[in-house]
Amino acid sequence: MSPPTSPAEAEPIVYVVDDDHSVRAALEDLLASVGLRAIGFGATRDFLAHAREPAPACLVLDVRMPGQSGLDFQRQMRASGIGLPVVFITGHGDMAMAVEAMKGGAIEFLPKPFREQDLLDAIHQGIARDRERLAQEAAGADLRARWALLTAGEQAVVRLVVQGQLNKQIAWQLQLSEVTVKVRRGQAMRKMQAASLAELVRMVDRLGDVG
């Protein structure tokens with residue numbers, strides 16, 4: 001079987017962080033029964049020490065654990081730029097915790113005992129969200145690689161093209177001939193794989209600040 005062409009197409013992973021070994025084992029068995037790969041950890045520090053694979057994933061996280069709580073870890077993840085979707089589970093939760101978790105971007109906040117299907121639905125939603133994030137990151141990396149293929153002169157022309165300037169205006173501003181501007185514009189369109197000016201504008205917009 002050929003390897004996946006991007007991380008978004010890789011086999012998904014469910015990370016389970018719960019200090020109760022029996023809970024972790026039960027969740028791993030449940031996930032295995034529906035064909036989902038799971039990796040369990042007894043503490044958030046163990047999860048952080050694990051090298052995460054480039055694949056769609058979801059984190060099932062207990063709220064109350066010795067040391068760092070699940071909510072504290074969620075805040076740490078946001079501060080560190082870890083965009084992994086989180087599903088909270090708890091045996092001692094309350095409405096205030098649930099509100100904080102959901103405001104922090106959690107997929108779901110499930111009090112124990114919870115319905116297995118509710119957990120699985122939330123996990124599948126998290127994996128789908130992470131798959132979309134990985135696909136967007138891959139597309140962005142591909143776009144940046146295309147931009148890097150442009151010469152400095154071609155990039156300068158593109159920046160002015162997407163501002164709506166005409167070839168003669170660009171030629172005057174860059175002190176070039178119109179023919180040179182047209183050539184650089186055509187080369188940039190080809191390298192960026194843009195079929196139209198509108199598509200080129202959208203590409204540069206997605207790139208953000210390329211000034």
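A polar contact is a pair of N or O atoms within 3.5 Å; within protein, one atom must be able to donate a hydrogen and the other to accept it. In this predicted model, such a contact involves Arg146: a polar atom of its side chain lies 2.9 Å from the backbone oxygen of Met192. The points below cover helix α5, the largest nonpolar core, a cluster of aromatic rings and strand β4.

**Helix α5 and Arg146**

- Helix α5 spans residues 116-149, a run of 34 residues. From first C-alpha to last, α5 reaches 50 Å, close to the 50 Å expected at 1.5 Å a residue.
- The buried residues of α5 include the nonpolar side chains Leu119, Leu120, Ile123, Ile127, Leu134 and Leu143. Asp130, Arg146 and Trp147 are also among the buried residues of this helix.
- Arg146 belongs to α5 and has a relative accessibility of 16%, so it counts as buried because the cut-off is under 20%.
- Apart from residues up to four places away in sequence, Arg146 touches Lys191, Met192, Gln193 and Met203. Met192 thus appears both in this contact list and as the residue whose backbone oxygen lies 2.9 Å from the Arg146 side chain.

**Ala122 in the same helix**

- Ala122 is also found in α5, and its relative accessible area of 5% places it among the buried residues.
- Leaving aside neighbours within four places in sequence, Ala122 is in contact with Val87, Ile107 and Glu108.
- The C-alpha atoms of Ala122 and Ala106 are separated by 9.8 Å, and the two residues are 16 residues apart along the chain.

**The largest nonpolar core**

- The largest nonpolar core has 25 residues. Tyr15, Phe47, Leu59, Leu61, Leu84 and Phe88 are those with the most contacts inside it.
- At least two residues of this core come from each of β1 (13-17), β2 (37-41), β3 (57-62), α3 (70-80), β4 (86-90) and α4 (95-103).
- Phe47 touches Tyr15, Val17, Phe41, Arg52, Leu59, Phe73 and Leu84, not counting residues up to four places away in sequence.

**Aromatic pairs around Phe47**

- The count of aromatic pairs comes to five. One of them joins Phe41 and Phe47 edge-to-face, at 5.7 Å centre to centre and 75° between the planes.
- Phe41 counts as buried at 8% relative accessibility, and Phe47 is buried with a relative accessible area of 0%.
- Phe47 also pairs edge-to-face with Phe73, at 5.9 Å centre to centre and 90° between the planes. Phe47 lies in helix α2 (residues 44-49) and Phe73 in helix α3, so this pair ties together parts that are 26 residues apart in sequence.
- Both members of the Phe47 and Phe73 pair are buried.
- Ring pairs link Tyr15, Phe41, Phe47 and Phe73 into a cluster.

**Strand β4**

- Five of the five residues of β4 are buried, so this strand is largely enclosed by the rest of the structure.
- In a regular strand the side chains alternate between the two faces of the sheet. Both faces of β4 are covered, with Val86, Phe88 and Thr90 buried on one side and Val87 and Ile89 buried on the other.
- Strands β3 and β4 run parallel and are joined by four bridges. Leu59 has Val86 of β4 as its bridge partner.
- Two residues of β4 recur in the groups above: Phe88 is among those with the most contacts inside the largest core, and Val87 is in contact with Ala122.

Key: Residues numbered from 1 in each chain as written. Predicted model: local features only at pLDDT ≥ 70, side-chain atom pairs only at ≥ 80, totals over all residues. Heavy atoms only, no water. Expected span 1.5 Å × (residues − 1). Buried < 20%, exposed > 50% of the residue type's maximum accessible area, 1.4 Å probe, protein only. Contact = heavy atoms within 4.5 Å. Core = buried A, V, L, I, M, F, W, Y, C linked by side-chain atoms within 4.5 Å. Phe/Tyr/Trp six-rings, centres within 6.5 Å; stacked < 30°, edge-to-face > 60°. Pairing = 2+ DSSP bridges.
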